[in-house]
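Reader: I would like to go through this structure with you, beginning with its open spaces. Could you take my questions one at a time?

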Amino acid sequence: MIRKVSFSVSAFALSLAMPAFADLRPVDFEKASRPSKGFVVLPVGKDGALTGLAKDADKASDGALSRALDLAKFTGETGQTLTLYDAGPFEAVLLVGTGEGLQTARDLRDYGAHAASGTKAWAKPAKVVVPDAADVALDATEAAIGARLGSYSFGKWGAAEKDEAAAPQALIFLSPKAADAEAAFRTDGEAIRAGVTFARDLISTPSNIKTPEWLALQVQEEFAGVPGVTVTVLDEKQISDLGMGALYGTGQGSTRPPRLVAIEYKGGKDGDAPIAFVGKGITFDTGGISIKPNDGMWRMRTDMSGAAGSAGAILTLAKREAKVNAVAVLALAENMPDGNAIRPGDVLTSMSGKTIEVLNTDAEGRLVLADGLWWAQETYQPKLAVTIATLTGAVVGALGREHAGLFTHDETLATMFLDAGGAAGEQLWRLPVTEATVESIRSDIADVKNIAEQGAAPGASVGAAFIMEWVKPETPFVHLDIAGTAWENAGRPTEPKGAVGFGVRLFDEIARKYEAD
């Protein structure tokens with residue numbers, strides 16, 4: 001969890017206590033056996049079917065569970081829940097629908113999250129029966145990961161410390177291979193939890209505290225002493241000296257100067273090129289001179305979700321000691337409209353030397369990514385570069401909040417990312433970048449302009465086309481537009497209301513594919 005406020009913060013903000021972060025649900029594992037008393041969570045299949053240990057538990061209740069299902073007309077649809085109290089020998093039973101069956105790791109994580117949310121007020125630990133799932137080796141491990149992710153809460157600023165007695169009770173997952181499931185959870189599962197939690201904490205922090213400098217410091221503190229990790233922070237003078245006019249220009253309207261942060265993890269072979277995750281890190285976005293309307297502007301504290309997801313992914317890889325080299329590059333700035341801010345019509349020179357006509361200062365995420373991506377390629381020569389950003393409202397209009405936009409010219413990478421998104425539970429949908437879109441951003445007075453003329457091309461594709469101008473020919477590249485999936489994400493069980501931490505689980509899946517090579 002993020003632990004403290006440091007600098008560049010108002011006196012009022014400093015007077016607030018840090019959030020009383022809610023405890024994540026403790027989990028444990030036991031050898032699978034028939035539940036016969038106490039507090040239990042049971043899966044229910046299609047049409048209220050009870051099988052395996054759930055059927056055995058019904059026998060222990062002399063059929064009380066199946067009778068309750070019939071009376072409640074409980075159909076067992078996926079995610080449906082029913083709580084029973086004093087049912088036969090059981091003090092409490094949570095029944096969770098599994099529909100046609102749990103087929104993937106994502107299904108199992110959702111099941112675990114339902115188990116956590118449905119039992120959070122219970123006074124004693126609950127034993128969780130985990131249904132078998134196709135092609136998933138350690139079912140209980142995945143369900144436990146879901147329980148941890150689904151029980152996350154950022155807490156409230158200024159809230160009193162939580163009473164120790166109010167700590168949530170453990171969930172005990174039953175597995176025929178309990179020792180193996182626990183070992184996998186304590187390594188991979190807790191690593192995923194750490195990365196997602198770190199990302200969510202960063203995203204949720206208010207922007208009067210979350211300056212570029214503060215965010216850089218949190219990264220340094222979080223990774224201090226983590227084996228295999230080196231953190232580099234470039235300040236505004238270094239950014240300027242390197243010619244990063246796009247990143248520097250975006251932040252020049254703010255009293256809180258920009259930063260560029262690199263988190264390099266070396267877990268693979270010496271000299272092996274890393275995977276590079278380049279994240280948009282706008283710590284607050286007013287739109288600059290092209291100012292946004294007030295409605296919903298508070299959400300712009302989340303405009304650094306791409307950077308947060310990238311940082312969280314590296315934390316996950318490091319904590320599970322992944323056999324891969326990877327780096328996260330966070331391009332951090334605050335977009336404000338003061339007298340020093342860039343104006344529509346200004347021309348900026350990026351680190352690559354390519355010039356940009358700024359037609360709209362609210363299209364700033366692509367500016368910081370241009371310099372961040374170029375610097376990442378110059379510094380690390382990555383085997384794969386991925387940009388991730390809350391980039392456009394257009395992608396929300398196109399895909400809603402269930403899918404992030406995927407842009408690439410590489411068919412193999414497209415398939416890899418679509419598959420990884422499905423496995424991780426972070427869904428992607430491929431969108432095009434055509435020659436006509438590329439032509440729409442050609443400028444009369446610079447190399448490119450940061451938006452197309454009204455209606456000339458789809459907005460999400462224009463953003464991707466702009467960023468692709470900074471991709472070197474030898475660099476395999478993917479761009480992800482997560483504007484619709486970074487916050488709340490339609491309320492998935494593993495993603496409580498608020499910051500999602502989108503990208504951590506996806507990038508972990510991508511890294512696993514490179515580990516296997």
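Reader: How does the lining of the largest pocket divide by class?
Author: In this predicted model, the lining of the largest pocket has 15 nonpolar, 9 polar and 11 charged residues.

Reader: What is the volume of that largest pocket?
Author: The volume of the largest pocket is about 930 Å³. Its lining is made up of 35 residues, and those nearest the centre are K292, L391, T392, G393 and A394.

Reader: Which elements give two or more residues to the lining of the largest pocket?
Author: They are β9 (275-285), α12 (393-399) and α15 (459-468). The most comes from α12, with 3 residues.

Reader: Turning to enclosed space, how many cavities of 30 Å³ or more are there?
Author: The count comes to 3 cavities of 30 Å³ or more. The largest cavity has a volume of about 40 Å³.

Reader: Which residues line the largest cavity?
Author: The lining consists of R106, R109, D110, A424, G425, R492, T494 and R505. By class, the residues of this lining are 1 nonpolar, 2 polar and 5 charged.

Reader: And which helix gives the most to the lining of the largest cavity?
Author: That is helix α4 (residues 105-118), with 3 residues.

Reader: Let us change topic to the nonpolar interior. Which residues touch the most other members of the largest nonpolar core?
Author: The largest nonpolar core has 87 residues, and F173, I263, L330, F417 and L480 touch the most other members. Helix α6 (residues 178-204) supplies the largest share of this core, 10 residues. There is also a second, separate core of 49 residues, with L260, A276, V438 and V471 among them.

Reader: Staying with F173, what is it in contact with, leaving aside its neighbours within four places in sequence?
Author: F173 is in contact with V27, D28, F29 and E30, with V128 and V130, and with A140, A143, A144 and A147.

Reader: One last item, helix α10. Is α10 mostly covered or mostly uncovered?
Author: Helix α10 is mostly covered, as 14 of its 15 residues are buried.

Reader: What span does α10 reach from its first C-alpha to its last?
Author: Helix α10 (residues 305-319) reaches 21 Å, close to the 21 Å expected at 1.5 Å a residue.

Reader: What is the phi of E321, which follows α10?
Author: The phi of E321 is positive, near 55 degrees.

Key
Residues numbered from 1 in each chain as written. Predicted model: local features only at pLDDT ≥ 70, side-chain atom pairs only at ≥ 80, totals over all residues. Heavy atoms only, no water. Helix = DSSP H or I, 4+ residues; strand = E, 2+ residues; numbered from the N terminus. Expected span 1.5 Å × (residues − 1). Buried < 20%, exposed > 50% of the residue type's maximum accessible area, 1.4 Å probe, protein only. 1 Å grid on protein atoms, 1.4 Å probe; cavity = no way out; pocket = protein on both sides within 12 Å on 5 of 7 lines; lining within 4 Å. Points joined across faces, edges and corners; volume = space filled by probe spheres on them. Nonpolar A, V, L, I, M, F, W, Y, C, P; charged D, E, K, R; others polar. Core = buried A, V, L, I, M, F, W, Y, C linked by side-chain atoms within 4.5 Å. Contact = heavy atoms within 4.5 Å.
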